[in-house]
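User: Hey, I'm new to this one. Can you walk me through a few spots?

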Amino acid sequence: NPSYIVAWWDVMLSRNIGFYAKKQWYDRIFKEWNYNPLNKFENCKSDNCLLFLNLESLFCEPDHDIQMWGFDFRSNPKNLETLLQYRQDKPLLLALPNNHFANWWYQWLTITKDLLNQHNIGYVWAGLTQEESREIFTWDNNDIKFCLWAYSYDGKSARIRGGLVYWNWINEEEIKSDIQKMKDMDCDVKIISLHRWAEYRFSPNNWQRNLAHSLIDSWADLILGGHSHIPWEFDLYNGTYIFYSLWHFIFD
């Protein structure tokens with residue numbers, strides 16, 4: 001059987017999303033619609049389908065699930081029910097390196113990590129140690145080895161309240177080096193996730209196109225991007241797809 005990847009981008013379960021989940025209970029999104037978008041994917045019926053999302057909100061208590069504008073994304077752990085409903089019995093992978101990863105308390109990162117481990121949800125971790133942040137996610141399916149690494153744009157480490165955290169930043173030469181590591185690991189499909197493209201723009205600029213083309217020239221097999229909050233065009237370069245900016249999955 002062939003293997004499939006279903007990729008969306010931002011999942012933000014705090015702020016208004018969390019407020020209504022707390023008010024109407026945490027299964028409200030798919031239960032209220034009586035609809036799961038995976039039903040649209042005829043080929044995504046079993047564990048031969050990997051689901052990939054970008055998590056914008058860390059899990060913690062006390063949460064900040066209130067109707068107030070701002071970027072204090074602290075989601076109640078019960079909001080995980082939404083992701084569990086979405087994935088059904090399929091493998092789910094979350095990208096954590098993004099511009100909200102290092103905003104708040106070190107403890108919230110450990111809570112998020114423990115919660116995902118508890119429910120067997122994979123993550124490309126912007127880690128609590130530098131070694132941890134460098135761990136490549138692998139998915140072996142139907143004798144094909146998929147490897148994925150995620151990057152963000154704002155720095156490489158930060159000392160936040162309670163400890164030091166690390167994440168992979170977008171540096172062309174380092175990403176190329178990582179692609180070579182994937183080759184050395186005998187990865188059949190090398191996927192690069194970039195949380196970078198400019199917010200509220202409608203198309204990639206020349207630098208963004210050139211970076212994506214350069215990574216493909218270095219043997220990347222798929223590039224998935226996000227952060228613009230607007231869906232962009234996709235490109236086919238030397239037989240390889242570039243999705244410059246995927247659209248929100250759940251956002252308020």
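User: Let's start with N238. Is N238 buried or exposed?
Analyst: N238 counts as exposed, because its relative accessible area is 60% and the cut-off for exposed is over 50%. Keep in mind that this is a predicted model.

User: Where does N238 lie?
Analyst: In the loop between β13 and β14. The backbone there has a quirk: N238 is not a glycine, yet its phi is positive, about 50°.

User: Why is that worth pointing out?
Analyst: Because most residues other than glycine have a negative phi.

User: OK, what about W219, what is its phi?
Analyst: W219 has a positive phi too, about 85°, and W219 is not a glycine either. You'll find W219 in the loop between α7 and β12, following helix α7.

User: And is W219 buried or exposed?
Analyst: W219 is exposed, since its relative accessibility comes to 56%.

User: You mentioned α7. How many residues does α7 have?
Analyst: Twelve, running from 206 to 217. From the first C-alpha to the last, α7 reaches 16 Å, close to the 16 Å expected at 1.5 Å a residue.

User: What caps the N-terminal end of α7?
Analyst: That's N205. A side-chain oxygen of N205 sits 3.1 Å from the backbone nitrogen of W207.

User: Which residues of α7 are buried?
Analyst: Q208, L211, A212, H213, S214, L215 and I216.

User: And what covers them?
Analyst: The cover for the buried residues of α7 includes helix α6 (172-184) along with the strands β11 (189-195), β12 (222-226), β13 (234-237) and β14 (240-243).

User: Switching to charges. How many salt bridges does the structure hold?
Analyst: Nine. In general, side chains of opposite charge can pair when their charged atoms come close.

User: Got one that involves α7?
Analyst: Sure. R209 and E233 meet through their side chains in a salt bridge, 2.9 Å from N to O. That pair links distant parts of the chain, 24 residues apart: R209 belongs to helix α7, and E233 to the loop between β12 and β13.

User: How open are those two?
Analyst: E233 is partly exposed, with a relative accessible area of 36%. R209 is partly exposed as well, at 22%.

User: With which other residue does R209 form a salt bridge?
Analyst: With D235, where the closest N and O atoms are 4.0 Å apart. D235 lies in strand β13 and R209 in helix α7, so this pair ties together parts 26 residues apart in sequence.

User: Is D235 buried or exposed?
Analyst: D235 is buried, because its relative accessible area is 18% and buried means under 20%. Through salt bridges that share partners, R209, E233 and D235 make up one network.

User: Any salt bridge elsewhere?
Analyst: One of the nine joins the side chains of K31 and D27, at 3.9 Å from N to O. Here K31 is exposed, as its relative accessibility is 58%, whereas D27 is buried at 18%.

User: Back to β13. Which residues form a nonpolar patch on the surface?
Analyst: F234, L236 and Y241 do, with about 330 Å² of accessible area together. F234 is placed in strand β13, and F234 counts as exposed because its relative accessibility is 51%.

User: New topic. Which peptide bond is cis?
Analyst: The one from E61 to P62, with omega near 0°. P62 is in the loop between β3 (58-59) and β4 (74-75). As a rule, most peptide bonds are trans.

User: Last one: E199. Where is it?
Analyst: E199 sits in the loop between β11 and α7. E199 is partly exposed, with a relative accessible area of 35%.

User: What is E199 in contact with?
Analyst: If you leave aside its neighbours within four places in sequence, E199 is in contact with H227, S228 and H229.

User: And how far is E199 from E42?
Analyst: Their C-alpha atoms are separated by 32 Å, and the two residues are 157 residues apart along the chain.

Definitions and conventions. Residues are numbered from 1 along each chain as its sequence is written. This is a predicted model: local features need pLDDT of at least 70, side-chain atom pairs count only at pLDDT 80 or more; totals for chains, interfaces and linings use all residues. Side-chain values use heavy atoms; hydrogens and water are left out. Helices (H or I, at least four residues) and strands (E, at least two) are DSSP runs, numbered from the N terminus. The expected span of a helix is 1.5 Å times one less than its number of residues. Buried means under 20% relative accessible area, exposed over 50%, partly exposed in between (1.4 Å probe, protein chains only). Contact means heavy atoms within 4.5 Å. A polar contact is a pair of N or O atoms within 3.5 Å; within protein, one must be able to donate a hydrogen and the other to accept it, and residues adjacent in sequence count only if both atoms are side-chain atoms. Patches are made of residues with over 30% relative accessible area and no salt bridge: like charges are joined within 9 Å, nonpolar side chains (Val, Leu, Ile, Met, Phe, Trp, Tyr) within 5 Å. Accessible areas come from the Shrake-Rupley method with a 1.4 Å probe; for residues, only the protein chains shown count as cover.
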